[in-house]
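Thanks for coming. Please look at the sequence and the structure on the screen, and then I will go through a few parts.

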Amino acid sequence: MRTVAVVGASLAGLSAARSLRKQGFDGRLVIIGDEIHRPYDRPPLSKEFLAGGIGEADLALEMDGEDLGAEWLLGTRAAGLDRTERAVRLVGGGEDGREIRADGFVIATGAAARQLPGSDGLAGVHVLRTLDDARALRDELAQGGRLVVIGGGFIGAEVASTAHALGLDVTVVEAAPTPLAGPLGEDMGRIVSALHVDHGVRLLCGVGVKGLSGESRVDAVLLEDGRTVPADIVVVGVGARPCVEWLEGSGVVLDNGVKCGADGRTSLAGVVAVGDCASWYDPRAGIHRRVEHWTGAQERPAAAVATLLAGGAVEPGVPRPPYFWSDQYGVKIQFAGHAAGADSVTVEEGAPDDRNVLAVYRRAGHPVAVLGMNQPRLFTRWRKQLAAMTS
C-alpha cells in the first residue's frame, strides 16, 4: 500500500493518521478536511471554550513537534469516491475537480448538526458543532439576554448549563416526555435532566417546536401547544446527521452512516470508516450502530487501520463499550455501555435527590451499562468490570 487518503481531519481522522504511522505505514498520507482549522477538540466547545475559560490554542489536538509526514488539504471537501479509479474527488479550497488517487481510504467525515426548518437567515439562531459555530455563539452569549435551547440532549444541556453560569435567562425545550431517555433510559434521564430545574433553568418537556418568530432576528420560539417563549438567542440541539452524501453511488453501503464490520471495514476493499459517520457492527447486540463519542473516535481507528493495512486478513475484535462524559452545573456525568438493551437499572450508591449516584443497568442480571454522577472512583471501577465482562 503506497498511498492512503484520510477523508476527515477531526479527532477520528487524526487518530487514524497516527495509527497508520504507528503501525508502520511509511507511504504517502493525505489528510482531507472540509474545515480550514487543524484538528481541534470538540467537547470544550459547549463548556470551557463557550464560557471563555480557554482559548483556541487550548483546543489543539496535535502535540508540540508532532509530524505525521502528511499532506494536509484543509478547507477542501470530498465530493465523491470513484471505486474504479480508486480516487476521491475534491471541491473547495482551490482544489475543485482534483482527484486524489490512493490504495486505501479512511472515511472520517463525521456528522453535521441538524438544522431547524425555517431558521435559515434569521439572526440569533445557532447550532453548535464546529469551532466557528462556538465562536459565533460565544460572542452572542457575552451580550446576555434570554436563551432558548431546543433539544434536551447532552449538547443542549451543556450549553444551557454554561449559559446559566454566564447569567443568562435559560429555557430548555424538549419534544420527548423525558430528556436523555434515549441514551440513559427514562428513570435516569429524569434524574439527570432534573439538574436544570435544580438550578432555576426552565425545562419544558413533551412539546415540540412549531417555528420561530422574528423579522431579521429571532424574538421568540413558537411551541406546538400554542405557547410562545421569548428569546434573544436560540440554540438548536436536535441531533446530527452523518456526512456521507458524498459516498452515494460509490458502492459503499450506507445505512445511518457508513455500514461497517466490527473493525471498521466497509463493503469496498481497501476502505474503512471511523468516527461519527461510521455505523460499526456490535457483536454483543448483533446490530450496527453509530457511536458519536470522543473515546470512540480516539480508540476505534487503530482497529480500522490494522484491518486496512492487512487487507482485511485479520479477525475483528470486540470494540470496547462506548464511554462518554458530560459536565453540567458542576456535576460530572459519566456513562459507559448501552442502556437500550437493559431490563433493569438500580442505584448502587448515593441518593438520586442529591444528584450523586452510581447506577448499574442490567440485562437478564448481567451488567450492560453504568452511569455515574459525581462518582468518578466507583464509576471507573465499574467501567473496567463492564469492559472485562463484555470482551
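A residue is called buried when its relative accessible area is under 20%. With that cut-off, the buried residues of helix α3, residues 131-141, are Leu131, Ala134, Leu137, Glu140 and Leu141. Keep in mind that this is a predicted model. What covers those buried residues of α3 includes helices α2 (48-51) and α4 (154-165). The cover also includes strands β9 (125-126), β10 (146-150) and β16 (233-236). As background, residues three or four places apart in an α-helix point the same way, because there are 3.6 residues a turn.

Next, helix α1, residues 11-22. How far apart are its end C-alpha atoms? They are 16 Å apart, and this agrees with the span expected for 12 residues at 1.5 Å a residue, which is also 16 Å. Just after α1 comes Gly24, which takes a positive phi of about 100°.

Is α1 mostly covered or mostly open? It is mostly covered, with nine of its 12 residues buried. The buried ones are Leu11, Ala12, Gly13, Leu14, Ser15, Ala16, Ala17, Ser19 and Leu20. They pack against four strands and a helix: β1 (3-7), β2 (28-33), β3 (70-74), β7 (104-107) and α7 (294-309).

I will stay with α7 for a moment. Two packed helices are described by the angle between their axes and the distance between the axes. For α1 and α7, the axes come within 8 Å and cross at roughly 40°. That angle makes α1 oblique to α7. The crossing of α1 and α7 is right-handed.

Which residues meet there? From α1, they are Leu11, Ala12, Ser15, Ala16, Ser19 and Leu20. From α7, they are Trp294, Ala297, Gln298, Pro301, Ala302, Val305, Leu308 and Leu309. By type, the residues of this contact between α1 and α7 divide into 11 nonpolar, three polar and no charged.

Last, a single residue, Pro367, in strand β26, residues 366-373. Is Pro367 buried or exposed? Its relative accessible area is 13%, so Pro367 is buried. Leaving aside neighbours within four places in sequence, Pro367 is in contact with Val360, Tyr361, Arg362, Trp382, Leu386 and Met389. As for Arg89, Pro367 is 278 residues from it in sequence, and their C-alpha atoms are 46 Å apart in space.

That is the end of my part.

How values were computed: Residues are numbered from 1 along each chain as its sequence is written. This is a predicted model: local features need pLDDT of at least 70, side-chain atom pairs count only at pLDDT 80 or more; totals for chains, interfaces and linings use all residues. Side-chain values use heavy atoms; hydrogens and water are left out. Helices (H or I, at least four residues) and strands (E, at least two) are DSSP runs, numbered from the N terminus. The expected span of a helix is 1.5 Å times one less than its number of residues. Buried means under 20% relative accessible area, exposed over 50%, partly exposed in between (1.4 Å probe, protein chains only). Contact means heavy atoms within 4.5 Å. Axes are lines fitted to C-alpha atoms, for helices over the stretch in contact, and angles run from 0 to 180 degrees between N-to-C directions. Angles under 35 degrees count as roughly parallel, over 145 as roughly antiparallel, 65 to 115 as roughly perpendicular and the rest as oblique. A crossing is left-handed if the near helix is turned anticlockwise from the far one by less than a right angle, and right-handed if clockwise. Ala, Val, Leu, Ile, Met, Phe, Trp, Tyr, Cys and Pro count as nonpolar, Asp, Glu, Lys and Arg as charged, and the others, Gly among them, as polar.
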